[in-house]
Every structure is written in structure tokens, then in C-alpha cells.
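Here's a quick tour of a protein model for someone who likes cut-offs spelled out. Have a look at the structure first, then read on.

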Amino acid sequence: ELLRPKIFSRNAAFWKVGTNVKIFSRMLRDTGNSKLRVRILMFLAFFLVVQFFFNVMLVVLTNLYLNSFEKIPSNFGFWTSTEYRQGLVNELIKKDDNAANKSYLTTLEYIASQNNIKNDQDDGVTDLNKLGFNILTVKELNAYAARNQVDYISSYCDLLIRYALTLPTRDNANERIQLILNKSFELITHYEDVLRTEISNYKLKNKALRTFADIYRTKLDKLIEENQINESSSSPQYKRYFYFFKRKIENTNSEFSSILVNDLAEQIEDCLLHAISIVECHEYPDLPQSRAAAESPDSKITSDIAILPNDLICSELLTNSILELCLFYASTKNTTQIDKSLSILLSQLRALEYEHDALASTLDSNHIHKKESRQLTNVSEKRLMELKYESIPLIKSHVSEILWYKGLYNKAVEFAKDAAYASLMYCKENFNSAKISKMGFQNLSQMFAQMGDAEGARLCQDKAAEIDVPLGAFMVQKETVRDVVLYHYFGHWGKFLFP
């Protein structure tokens, strides 16, 4: 018994299937009814044929769905395209950045191999050798530019950005991310100038620029902490940044550090302004600032691009980009920058309230409010709830903090109350609403305390303590490719039609 060889589970499963097939065949013979056997076999054959065509349909629909995010050129090759799509699935559907990063790295290695770039190649950029793969240079990509294969160059730049943005967080990750993103933007800028066409997906460029801003912000915070420099001394001005800042100064350490603080602040502002400009040029080409950017792409970008018309339906991407810029301005504690932040936030608030009123005029918000968040299937319903209980209260909360800083205490309390009580109505169903409401009442408690209203401060603090963040917000819902693709094309009928 001990000397009998062990059977691996995979082999055991195979023999179990084989045994079941033999038993099924014996049962068909024992029935003695040839018509029944034929019917059963026809049913099995029909099931297999239907299953085959369903799988073919699912493959086609999956590729079409992924192409809506990233159109992979045919000259990438079969295995390279397959690995690229696997990375997109891991990133966009399974929300697994580590697995996506591995797939993107494998794709980059495949592309380097296809272009006959060896790992020991010395192209003069020693930093690239630390990445474990070689990035295609202008020299290699010029061959595709000569054949007018813009999609190849654009998709390759997207791949570099996706790889950089999915890198795992480590101590030296920021340097690698910055290195790859800089290389990507060098290629993008070069071929946009040469080919006179857009290179790379604008949403990816927006995300990359905001990542640049986060990296520079980390450096700025570290520099201020090390040198104890007052951040309010920085005065961000315009400067174009798609490169590493280098300056040689022979001066005292404090003067050198102050210059670095100003330059890092300039880089943060410029990255965020470019991120906003990219979104506006693609999603709102009729805006005056979008037309001006299209006519003079190298002209100076100012904070005026973030001031929106009152009747603009603002996308989530543009809202998030503008909010990041406002938070940066507010963090400088500089009067001029804080005034800019307030003007932009009020502009954003008016635009969101306009969209809310437009949706509320066609939908019954009170009836929708009675539904649980997971029962909201209509896109308009979800957007109305998001505006009423998340986006608008969040903007009002930030406005109240700026007004308080400016000494407008009554107005600050008014905005803080609106934000806290509006989000409170949906806090049991929504994580963001609960967080906004809880922070809102905490801010109100501090405001009342500083105004000498001890009872009001206590009541607000008790109210904040009563708000519990929904535990469901921390549960990661794993979705399969099959469910996501079928829902995208067939809605809720997908599960009914293809159970």
C-alpha cells in the first residue's frame, strides 16, 4: 500500500471523467431504446454546438469591449496582443494591478524581442537597464512612423503608461514610475509634433500627469519636512514639465532648498493644469479655453481653464482633475492660490447644481432615495444620487473650509451644514456619503468650538460619532469577464439570456 504510486489530482479527475463517460455509455446500451439514445445524443450534440458558438460570441464581444479601452494594433502579433488583453482584463475588470503589471511587462518584452532589441543593448540611457526591459526609442519607432502606423506608436505609449501606473508601491517605485512616464511623454511629444496627430489615450495622459503631480507632491512634502521651509513662501508660476528638473546653483543650502520648493510647486501646478486641459480639449472642444489650446498648443496655461460655464455637464474625470488642483492650491496657504481655489470650486459647484436640477426635473429623487444603492440600475438615477449626496456636498465641504480660513465664519458654517446634512440622508447606503457627512459634522464641531458655542460643538461631535461607515464599502466585489461583458452588451438581460 505504501509502495503504490500516488495519483495526482489532475490525473484522478481525468479518470473520473472517463469513468463517468463509460457509465453513461453503459446506461444508454441498457435502455434498449434506440430512439431515446439518439435523442439524448442529439441533445448533447446540440448543447455542445450552442456552447461552442456562445464561446465564440463571448470572445468576439470581449475583444470589442476591451477595444473600447485600448485598440490594440494587429501588427503587435497574436501572442503580444493576447498578453496585452490579459493585462487589460486584470486591470480593468479584475482590479488586480499586480497581475496586470506582470502581463504588461511580458508584453513589453515581447515587443522588444520583435524589434530585435536585446537586453544587453547600450542605447546611452543607463537608467533603462534597471527596468529589466528595453524601451523602444525614436530610432525603432521611426520605422512605424514612416509606414504611417500611428496606432502602433500610440498603443505602445499607452502600454508604457499602463505599466508605470500599475507598478507596485515600494520605496523606489516613484523613481521608476517617473522614469517610464517621462520616456512615454518624450515619445508622445515627439511624434505629435512630427506626425501632427494625437498620440496616446487622453484619459491615460490625464492619469499620468496627475501621477506626476503626486510624485512631485511627495518630494515637496519631504523637502519641506527636511528643511523646515514654510510652504507659504512658494509662489507657483507657469512652466512646462515633461522632463526632470535640473539646475546648478552655488549658494547656501537654505536658498537652494527654497528654489527647489518653488520649482516643485510649479511642476505640481503645471501637471494638474495640463491634465485639466487635455480633458477639456477632448470632451468639451467648444469651450473657449479648449479652442485657445487647440490654436496655440504651446501657449501658457493658467488656472482660468478650470473656471467652467454654469450650464456645463461636467464629467467625473474633469471634476476629479479640477478638485485635485483646488486641493493643491488650498494646501499652499497662499492667499492668491486660495482665492483661485475658491473661484474654481464655486464654478464647479454651479455646474454640478445645474446638472442636478436638470436630472431632478425628469426624475423623482424622493422615490429614488427609498431604493437601496444596489437597486439603482438606471444611469440617470445613479448620477442624480451621486450629485445630490456625494459630489455637491463634497464641493460644499471644501468651500466651507476655505471660507473659514478667509474669516467668513457664518458663510463657512452655512456651507458646512448643507454638506453634512445632505450627505447624512444617504450615509447608511453609501460609503462616500457617510465619510463626507462624518467629516462635515467634525468640521462643524471645531467651528462651533472656536466660535464659543460649546453646546453646538458637542452635538455635532455626537452626531459624527453616530455615523457608521457601511462595511460593504470595504468588500471587493470580484467580477468575471463573462459577467462584465454580457452586462455591457445585454444589460440585466445577460444573466437571463445566458444563465
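Where is the place of Val59? Val59 sits in helix H2. Helices here are DSSP runs of H or I with at least four residues, strands are runs of E with at least two, and both are numbered from the N terminus. Val59 is partly exposed, with a relative accessible area of 48%; buried means under 20%, exposed over 50% and partly exposed in between, with a 1.4 Å probe and protein chains only. The C-alpha atom of Val59 is 9.7 Å from that of Val485, although the two residues are 426 apart along the chain.

Some housekeeping before going further. This is a predicted model, where local features need pLDDT of at least 70 and side-chain atom pairs count only at pLDDT 80 or more, while totals for chains, interfaces and linings use all residues. Residues are numbered from 1 along each chain as its sequence is written, and side-chain values use heavy atoms, with hydrogens and water left out.

**The chain as a whole**

The protein chain has 19 helices and zero strands. Of its 499 residues, 42% are buried. If you take the contacts (heavy atoms within 4.5 Å) with a separation of 6 or more, 68% of them are between residues 24 or more positions apart. The accessible surface of the chain adds up to about 28,900 Å², and carbon and sulfur atoms own 55% of that; the areas come from the Shrake-Rupley method with a 1.4 Å probe, and for residues only the protein chains shown count as cover.

**A nonpolar patch on helix H2**

Back to helix H2, which spans residues 34-67 and gives the most to a nonpolar surface patch, with six residues. The patch covers about 640 Å² and is made by Val49, Phe52, Phe53, Val56, Val60, Leu64 and Tyr489. Patches take residues with over 30% relative accessible area and no salt bridge, joining like charges within 9 Å and nonpolar side chains (Val, Leu, Ile, Met, Phe, Trp, Tyr) within 5 Å. Val49, one of the patch members, lies in helix H2 and is partly exposed at a relative accessible area of 43%.

**Aromatic rings**

How many aromatic pairs does a search of the whole structure find? The search turns up 13. Rings of Phe, Tyr and Trp (its six-membered ring) pair if their centres lie within 6.5 Å; planes under 30 degrees apart count as stacked, over 60 as edge-to-face and the rest as tilted. Phe78 and Trp79 have ring centres 5.0 Å apart and planes at 75°, so this pair is edge-to-face. Both Phe78 and Trp79 are exposed.

Tyr84 and Tyr104 also make an edge-to-face pair, at 6.0 Å centre to centre and 90° between the planes. This one links distant parts of the chain, with Tyr84 in helix H3 (residues 78-93) and Tyr104 in helix H4 (residues 97-114), 20 residues apart. Tyr84 is buried at 0% relative accessibility, and Tyr104 is buried at 0% too. The two tyrosines belong to one aromatic cluster with Phe76, Tyr144 and Tyr152. Tyr144 has a charge for company: Arg147 lies over the face of its ring, 5.1 Å from the ring centre. For that call, NZ of Lys or CZ of Arg must be within 6 Å of the ring centre and within 35 degrees of the ring normal.

**Salt bridges**

A whole-structure search gives 13 salt bridges, each a side-chain nitrogen of Lys or Arg within 4 Å of a carboxyl oxygen of Asp or Glu. Here are some of them.

| Pair | N to O distance |
|---|---|
| Lys205 and Glu192 | 3.1 Å |
| Arg210 and Glu324 | 2.8 Å |
| Asp339 and Lys406 | 2.6 Å |

Lys205 is in helix H8 (residues 202-227) and Glu192 in helix H7 (residues 173-195), so their bridge ties together parts 13 residues apart in sequence. Lys205 is buried at 6% relative accessible area, whereas Glu192 is partly exposed at 25%.

Helix H8 also holds Arg210, whose partner Glu324 is in helix H11 (residues 316-331), 114 residues apart. Arg210 is buried, with a relative accessible area of 15%, while Glu324 counts as partly exposed at 25%.

Asp339 lies in helix H12 (residues 335-360) and Lys406 in the loop between helix H14 (379-405) and helix H15 (409-424), so that bridge ties together parts 67 residues apart in sequence. Asp339 is partly exposed at 30% relative accessibility, and Lys406 is partly exposed at 37%. Elsewhere, salt bridges that share partners join Glu70, Glu91 and Arg162 into one network.
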